[in-house]
Every structure is written in C-alpha cells, then in structure tokens.
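Here's a quick tour of the structure below, for anyone who wants to know where to look before opening a viewer. Grab a coffee and scroll along.

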Amino acid sequence: MLCLSGFSVVRVVVKEDGDVILPCSPWPERDLENQLFDWKKDSRQEVFFYDAGAHYNNGRMGQDRQFIQRVSHFPEQLKTGNASIMIRAAEVADSGVYTCVFPHLQPNGPTCRIDLIVGEC
Ligand SMILES: *[C@@H]1O[C@H](CO)[C@@H](O)[C@H](O)[C@H]1NC(C)=O
C-alpha cells in the first residue's frame, strides 16, 4: 500500500520519455489544500513544492532546473489527501530516490519515499 502508517518505500519503473506518477497519500487522510509538502530527489534537488496553493507552476521560485515544466500535481485530488505528482518525459537522469515531506503534518521525516528507475527502451 502507498504511504500508509507513516512511511513506506515504493519502487516505480518507467521507460525513458514516459510519464510517471509518484504516489503519496499521507495517512490518516486529510484535506491537503492548505497544507505544505515538498518533494525532493536524492535529498537535494527540489522537484515540487506546494504551500497552500502556491507552487512551482504558478510562480514560486526554487525548482531544480532538471524538473522545470515537467512536474505537476493533481489539484482536484488534494481535498482527498492525494499529494501525488507526475513527471513527464522521464529521463534516465531522473532515476533516484524521491521523498515527500509534510513538515507540519508529519514532522519526523519523510512521509513517502519512491525509488524511481527510468530505463532506456
Ligand atoms: C492520486 O492521484 C493520482 C492521479 O490522479 C492517481 O493516479 C492515484 O491513484 C491517486 N491516489 C489515490 C490513493 O487515490
């Protein structure tokens, strides 16, 4: 299951150039529209940051260049606790460990961890 009881590791495999969803739904389920969450790759690259409606696709600065214009969230699903993101046109260099933290909801570490493997076709 995805991210139940605090923390779990999910492995996701996608072909190069494919679109891929990195799942994250913190438990217990709650409305995330006014929450803050932050997706990072390998603990250092900023992938997607959301803070009560402000994010990288509507003016917030700081996203790692590798991910600009390739990452989106699912705004209509935030209400039901879904903080998943999609990476479009996956590159081999996107392979790595993705974590999503909720510093206010779950301050003691990442809530979700996805090991992403992007394969060449
Ligand atoms: C979260 O949203 C994504 C995109 O719509 C969907 O693929 C995924 O199944 C959803 N996760 C849950 C737990 O509903």
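Let's start with a side-chain pair: Gln45 and Gln66 make a polar contact of 2.7 Å. Keep in mind that this is a predicted model. From that pair we'll move on to the core, the strand pairing, the ligand and a few backbone oddities.

**Gln45 and its partners**

- Gln45 sits in strand E4, and that strand covers residues 45–51.
- Is Gln45 buried or exposed? Gln45 comes out as buried because its relative accessible area is 8%, and the cut-off for buried is under 20%.
- Gln66 isn't the end of the story: the side chain of Gln45 also has a polar contact of 3.3 Å with the side chain of Asp64.
- Beyond its neighbours within four places in sequence, Gln45 touches Trp39, Lys40, Asp64, Gln66 and Phe67.

**Gln66, the other half of the pair**

- Gln66 belongs to the loop that runs between strand E5 (54–55) and E6.
- With a relative accessible area of 21%, Gln66 is partly exposed; the buried class is for values under 20%.
- Skip the neighbours within four places in sequence, and the contacts of Gln66 are Gln45, Glu91, Ala93 and Asp94.
- For a sense of scale, the C-alpha atoms of Gln66 and His104 are 27 Å apart, with the two positions 38 residues apart along the chain.

**The nonpolar core**

- The largest nonpolar core holds 26 residues, and the members that touch the most others are Leu22, Phe37, Trp39, Tyr98 and Leu116.
- Which elements give two or more residues to this core? They are strands E1 (9–15), E2 (20–22), E3 (36–41), E4 (45–51), E7 (85–87), E8 (96–101) and E9 (112–119).
- E9 hands over the largest share, with 4 residues.
- Phe37 is worth a click: leaving out residues up to four places away in sequence, Phe37 touches Phe48, Phe49, Tyr50, Leu78, Ala83, Cys100, Val101 and Phe102.

**Strand pairing**

- E3 and E8 run antiparallel and are joined by 4 bridges.
- To find that pairing on screen, go to Asp38, whose bridge partner in E8 is Val101.
- E8 also pairs with E9, again in the antiparallel sense, over 5 bridges.
- A handy marker for the E8 and E9 pairing is Thr99, which has Arg113 as its bridge partner in E9.

**Ser72 in strand E6**

- Ser72 is part of strand E6, residues 71–73.
- At 17% relative accessibility, Ser72 counts as buried, so Ser72 falls under the 20% cut-off.
- The side chain of Ser72 makes a polar contact of 2.9 Å with the side chain of Arg88.
- Apart from neighbours within four places in sequence, the residues in contact with Ser72 are Phe48, Asn57, Ser84, Ile85, Met86 and Arg88.
- Ser72 and Phe49 are 23 residues apart along the chain, and 10 Å separates their C-alpha atoms.

**The ligand**

- Which residues surround the ligand? The set is Ile21, Ser25, Phe74, Gln77, Asn82 and Ser84.
- Gln77 places a polar side-chain atom 2.5 Å from an oxygen atom of the ligand.
- Asn82 has a side-chain N or O atom that is 2.4 Å from an oxygen atom of the ligand.
- On its own the ligand has 360 Å² of accessible area, and the protein covers 52% of that.

**Backbone oddities**

- Most residues other than glycine have a negative phi, and most peptide bonds are trans.
- The peptide bond from Trp27 to Pro28 is cis, with omega near 0°; Pro28 is in the loop between E2 and E3.
- Asp42 isn't a glycine, yet its phi is positive, near 50°.
- You'll find Asp42 in the loop between E3 and E4, where Asp42 is partly exposed at 27% relative accessibility.
- Ala89 is another non-glycine with a positive phi, of about 50°.
- Ala89 lies in the loop between E7 and E8 and is partly exposed, at 30% relative accessibility.

Note on methods: Residues numbered from 1 in each chain as written. Predicted model: local features only at pLDDT ≥ 70, side-chain atom pairs only at ≥ 80, totals over all residues. Heavy atoms only, no water. Core = buried A, V, L, I, M, F, W, Y, C linked by side-chain atoms within 4.5 Å. Buried < 20%, exposed > 50% of the residue type's maximum accessible area, 1.4 Å probe, protein only. Contact = heavy atoms within 4.5 Å. Pairing = 2+ DSSP bridges. Polar contact = N/O pair within 3.5 Å; in protein donor to acceptor, adjacent residues only side chain to side chain. Near = heavy atom within 4 Å. Areas by Shrake-Rupley, 256 points an atom, 1.4 Å probe, with all protein chains shown as cover.
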